[in-house]
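Reader: Hello! I am new to this structure and would love a close look at one part of the buried interior. Could you walk me through it?

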Amino acid sequence: MLNRRTLAVGGAAVAIGAPRSAGAQAAWPLGRPIRVICPTPPGAANDMLARLLAQRLQDRLGAVAVVENRPGGSALLGTNIVLQAPPDGFTLLASTFNTAVMPLVLKAATFDPQTDLTVMGRTAQAPLVMVISGTRPERTVQEVVAAAKARPQDWNIAISALGSAGHLATIDFMRRTGVDLNVVTYRGTQPALADLMGGSAQLLIDPSFALLASRADGRIRALGIATAQRSPLAADVPTMAEAGLPGFEFTAWYGVWGPKGTPPEIAQRVNALVQETMRDPEIAQRLATQVIEPVVESIDDSRRFIAAEIRRAGELLRSVNYQPE
């Protein structure tokens, strides 16, 4: 898809080369490279979405776009880079649900996502799936609950990052069922999934993007998907409501932000490019095969959605007296 890549030493950066589109618009103001900060590792869904955005910036603006993977601190490391950047449109944040709820779960996250960043729009969303290690005999959510209540010491439930959608879903799962499991925090989905496959972790609730594709060899099994209806791409996986937890619906979502004070015309221009990208039938089909749904919405709609997510997360965390770490 990309016609030239240059790896920057020590920075995990990928520079996207000269624009291919003959009809590219005038260069971004001042004509400098645009940095797209991705606070998750290469290969994750958010990384893929960041590269789609960078490619669109290149093709439509005549810009050089650089995707920089800066994972760490449950996405706080990359977020801080954007918080401290000048609001000139040359530093964007392609991030996840974590960015919105980070201050609710991390003491080190001292920013307000609704006032200290400029929302430019959501890009996509993916349902969460509960999976169990293939080393366990349980086949349903209710069997898991019964076994976990009987012997909680036998269960580790993994989370891919503090403040992730899966983290909040894990808290809600334990609140609803009354189970008290040992929660183990990982640095991303892949190491959590590796321990699940090996049997040192028993449960994981995380986006469908990574989990549904990893169950073919039987080392993990999907117990439920956190959506109102079954996914046509995983029709054998019951909804969590069907599995005995009505109303248990969680979605991981992805979006683009800029530093506080980014001019509205730049934010609107990025939003227009995001919408154009997510309307592309080829991209939509590519995402659909991975159970990722494109999101096409205005900045105002994204702001309202994010505000509602923050309220929901805050209510959940207060209900269990969660203390930021």
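Author: Happy to help; here is a walk from the whole protein to one helix and its surroundings.

This is a predicted model, where local features need pLDDT of at least 70 and side-chain atom pairs count only at pLDDT 80 or more, while totals for chains, interfaces and linings use all residues. Residues are numbered from 1 along each chain as its sequence is written, and side-chain values use heavy atoms, with hydrogens and water left out.

Let us begin with the whole. The protein has ten helices and twelve strands; these are DSSP runs numbered from the N terminus, with at least four residues (H or I) for a helix and at least two (E) for a strand. Its radius of gyration is 20 Å, close to the 20 Å that the globule rule gives for 325 residues, so the protein is as compact as a globular protein of that length. That radius is taken over C-alpha atoms, and the rule is 2.2 Å times the number of residues to the power 0.38. Along the principal axes, the C-alpha trace spans about 65 × 40 × 35 Å.

Now to the inside. Of the 325 residues, 56% count as buried, meaning under 20% relative accessible area with a 1.4 Å probe, protein chains only. Among contacts with a separation of 6 or more, 75% join residues 24 or more positions apart; a contact means heavy atoms within 4.5 Å.

The part to look at closely is helix H4, residues 141–150, where Val141, Val144, Val145, Ala147 and Ala148 are buried. The buried residues of H4 pack against strand E6 (117–133), helix H5 (165–177), strand E9 (203–207) and strand E10 (220–225).

Val141 also leads us to the largest nonpolar core, which has 106 residues; Val141 is listed with Leu57, Phe173, Leu203 and Phe248 as those with the most contacts inside it. The largest share of this core, ten residues, comes from E6. Such a core is a set of buried Ala, Val, Leu, Ile, Met, Phe, Trp, Tyr and Cys residues joined through side-chain atoms within 4.5 Å. In soluble globular proteins, nonpolar side chains tend to be buried together.

Phe173 is a good place to finish. Leaving aside neighbours within four places in sequence, Phe173 is in contact with Val141 and Val145, and also with Met130, Ile157, Val179, Leu203, Ile205, Leu245 and Phe248.

How values were computed:
Buried means under 20% relative accessible area, exposed over 50%, partly exposed in between (1.4 Å probe, protein chains only).
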